[in-house]
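This report covers the overall build of one chain, its nonpolar cores and a few points of backbone geometry. The structure comes first.

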Amino acid sequence: MFSKVHEVAKQLNQVIIGKEGQIQQALVCLLGGGHLLIEDVPGVGKTTLAHALAISLGLQFNRLQFTSDLLPTDVVGVSIFEREKSQFVFHPGPIFTQVLLADEINRATPKTQSALLEAMEEQQVSAEGQTRQLPQPFFVIATQNPTHQVGTFALPESQLDRFLMCVSLGYPDAAAERALLLGEDRRSLLKNLPAIMQPEELQAIQHAIRNIHASSSLVDYLQKIAQSTREAGLFAEGMSPRAAIALLQASKAWAAIEGRDHVLPEDIQAVLVPVIAHRLRPIKAVNNKTNASADLLVQLMQKIPV
């Protein structure tokens, strides 16, 4: 069942060069049934990775460029009066798809950002007094620029909490950058990418991942991590129960991709930072680093006995 997952990873690595770890994290997020936030400076391949993921998984795809003047109705849809029918008819917005690429999501106002909340959590949209179900499976892949850039609006905590994982690509190393400079344009590669999986196969994998075994002692270890974030005095708020569930969910997906039917502490350690760091706010900056939450999480993890 997971052989095609490895084929997807191989194909993505041909498009995004030198980012094998981040690509596996992104696949873990989507196979685990979550939503993905890709955060980094412009020009490092965020949008290309999101587009390549959607194509490789064989899912219906819409891209929406978020800007400061984007309205919630531009995302969800709006009713328009049609003279021929003498009534208002709802016209679905781009959110009615299987994969929505919310490009530069933090360039939209908080009001527009909030239009995604119900869709990400409930897989449905309430508009003009009616609730409409979204296609299945449904994923939001959002890209985000660093909050210190001009024209950005920081995502609220409630929005960040809906993303199962947050991945940062970073700059390529010298060899990867040289391959990019001398090779074919990455966006032109997208036109010829085949769909390796079908929606039914993806849903079957997601169901199988839910059945991955997590022992009682493994859950104890996860709870110790959650408790330490609440008691260490390093964060404004510690991990919520939702965050702990997300950590277990991602750990199961990581274990499955690694070829196991049970979760090990190493699986939790592998996904801890991308699953939890974006949900926590440090009380104090750590050497003025923007990824202070990630550094503090690693320090806490190293102190907890396995």
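Contacts in this predicted model are mostly long in sequence range: of those between residues at least 6 apart in sequence, 75% join residues at least 24 apart. The chain holds 14 helices and nine strands. Its radius of gyration is 20 Å, close to the 19 Å that the globule rule gives for 306 residues, so the chain is as compact as a globular protein of that length. Along the principal axes, the C-alpha atoms fill a box of roughly 70 × 45 × 40 Å.

Half of the chain is shielded from solvent by the criterion used here: 50% of the 306 residues count as buried. The accessible surface comes to about 14,700 Å², and carbon and sulfur atoms account for 52% of that area. As for charge, the chain carries 26 positive and 30 negative charges, and the mean positions of the two sets are 2 Å apart.

**Nonpolar cores**

The largest nonpolar core has 71 residues. Within this core, L36, L53, L247 and I276 have the most contacts. The element that gives the most to this core is helix 12 (residues 241-257), with ten residues. Apart from the largest core lies another, of 27 residues, including V76, V125, V140 and L155.

What does I276 touch once its neighbours within four places in sequence are left aside? The partners of I276 are M239, A243, L247 and L297. One of them, L247, is itself among the residues with the most contacts inside the largest core.

**Backbone geometry**

Three places in loops have backbone angles worth listing. The peptide bond from Q136 to P137 is cis, and two residues other than glycine, E104 and Q123, have positive phi values.

| Site | Angle | Loop |
|---|---|---|
| Q136 to P137 | omega near -10° | P137: between strand 7 (130-133) and strand 8 (139-144) |
| E104 | phi near 55° | between strand 5 (99-103) and helix 5 (110-113) |
| Q123 | phi about 60° | between helix 6 (117-122) and strand 6 (124-127) |

The loop that holds E104 leads from strand 5 to helix 5, whereas the loop of Q123 leads from helix 6 to strand 6. P137, on the other hand, is found in a loop between two strands, 7 and 8.

Terms used. Residues are numbered from 1 along each chain as its sequence is written. This is a predicted model: local features need pLDDT of at least 70, side-chain atom pairs count only at pLDDT 80 or more; totals for chains, interfaces and linings use all residues. Side-chain values use heavy atoms; hydrogens and water are left out. Helices (H or I, at least four residues) and strands (E, at least two) are DSSP runs, numbered from the N terminus. The radius of gyration is taken over C-alpha atoms; the globule rule is 2.2 Å times the number of residues to the power 0.38. Buried means under 20% relative accessible area, exposed over 50%, partly exposed in between (1.4 Å probe, protein chains only). Contact means heavy atoms within 4.5 Å. Accessible areas come from the Shrake-Rupley method with a 1.4 Å probe; for residues, only the protein chains shown count as cover. Lys and Arg count as positive and Asp and Glu as negative; His and the chain ends are not counted. The place of a charge is taken as NZ of Lys, CZ of Arg, CG of Asp or CD of Glu. A nonpolar core is a set of buried Ala, Val, Leu, Ile, Met, Phe, Trp, Tyr and Cys residues joined through side-chain atoms within 4.5 Å.
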